[in-house]
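Subject: Structure handover

Hello,

Here is the structure I said I would pass on. Please open it alongside the sequence, as the notes below refer to individual residues.

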Amino acid sequence: MAGTPTGPNNSQGNIDQLKKKGIGMGGRLMNHGFIGLDTFMRVKDGEKLPVALGKAVLTNAAFSLIPGGIVGGMAAMAVMSAPDMMNQLDQAASALGAKKQQFGGNFQESETQMYMMQQGLGRMQDARMQATRRMANHARGAQKVY
């Protein structure tokens, strides 16, 4: 049975097929782009150009060795930094709890305070209802004018 010739069914054959489709060129352009961006950022931070270029090339080579490339490296860094981020979140929550204690966290309610709070809430509800009534009356009047 005659068919179209295919490359070898191994990793090199698969890589050759991707190169024929132009996938390899995009990866090379991204690598060069990352090297250029990294070099620019390092020079901007005050490093000399040859040193910055060397560090950028070595950093890019290190990311290329990681399975998944730079995306895999960023995912690995995110996983490794997750416990530290959780600790920082816990510290922020405890600091907030300390401030709450400082500003009336141990507040004890009395009957008089509860009465005043209920009176304030009632006045807020009355004000909201009055505003709603005024808006409805205005809308009715506006319908007649327009």
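A polar atom in the side chain of Thr-39 lies 2.7 Å from the backbone oxygen of Ile-35. Thr-39 belongs to helix H2. With a relative accessible area of 8%, Thr-39 is buried, because anything under 20% counts as such. Leaving aside residues up to four places away in sequence, Thr-39 touches Leu-49, Ala-52, Leu-53 and Ala-56. Please keep in mind throughout that this is a predicted model.

Next, the overall layout. The protein has 5 helices and 0 strands, which gives the pattern α-α-α-α-α when read along the sequence. There are 146 residues, and 8% of them count as buried. The accessible surface is about 12,800 Å², with 64% of that belonging to carbon and sulfur atoms. If one takes the contacts between residues at least 6 apart in sequence, 16% of them join residues at least 24 apart.

On confidence, the mean pLDDT of the protein is 78. A value of 70 or more is reached by 70% of the residues. Helix H1, residues 11-21, has the lowest confidence, with a mean of 64. The highest is in helix H3, residues 49-65, at 87.

Now the charged pairs. How many salt bridges does the structure hold? There are 2. As a general point, side chains of opposite charge can pair when their charged atoms come close.

One salt bridge joins the side chains of Asp-38 and Arg-42, at 3.1 Å from N to O. These two residues are 4 apart in helix H2, so about one helical turn separates them.

The other salt bridge is between Lys-55 and Glu-47, whose closest N and O atoms are 3.3 Å apart. The side chains of Lys-55 and Glu-47 are also listed as joined by a polar contact of 3.3 Å. Both ends count as partly exposed: Lys-55 has 37% relative accessibility, and Glu-47 has 25%. For both residues the label follows because partly exposed covers the range between under 20% and over 50%.

Lys-55 lies in helix H3. Not counting residues up to four places away in sequence, Lys-55 touches Asp-38, Arg-42 and Glu-47. Lys-55 is thus in contact with both members of the Asp-38 and Arg-42 salt bridge, as well as with Glu-47, its own salt-bridge partner. Lys-55 and Arg-42 are 13 residues apart along the chain, and their C-alpha atoms are separated by 8.7 Å.

Lastly, the surface of helix H2. Which residues make the nonpolar surface patch? They are Met-30, Phe-34, Leu-37, Phe-40 and Met-41, and the patch covers about 500 Å². One of these residues, Phe-34, is found in helix H2, which runs over residues 23-44. Phe-34 is partly exposed, with a relative accessible area of 31%. Phe-34 can count towards the patch because residues in a patch need over 30% relative accessible area, and Phe-34 has 31%.

If you want a place to begin, try helix H2: Thr-39 is in this helix, and so are Asp-38 and Arg-42 and Phe-34.

Regards

Definitions and conventions:
Residues numbered from 1 in each chain as written. Predicted model: local features only at pLDDT ≥ 70, side-chain atom pairs only at ≥ 80, totals over all residues. Heavy atoms only, no water. Patch = residues over 30% accessible without salt bridge, like charges linked within 9 Å, V, L, I, M, F, W, Y side chains within 5 Å. Areas by Shrake-Rupley, 256 points an atom, 1.4 Å probe, with all protein chains shown as cover. Salt bridge = Lys/Arg side-chain N within 4 Å of Asp/Glu carboxyl O. Buried < 20%, exposed > 50% of the residue type's maximum accessible area, 1.4 Å probe, protein only. Contact = heavy atoms within 4.5 Å. Polar contact = N/O pair within 3.5 Å; in protein donor to acceptor, adjacent residues only side chain to side chain. pLDDT = per-residue confidence, 0-100.
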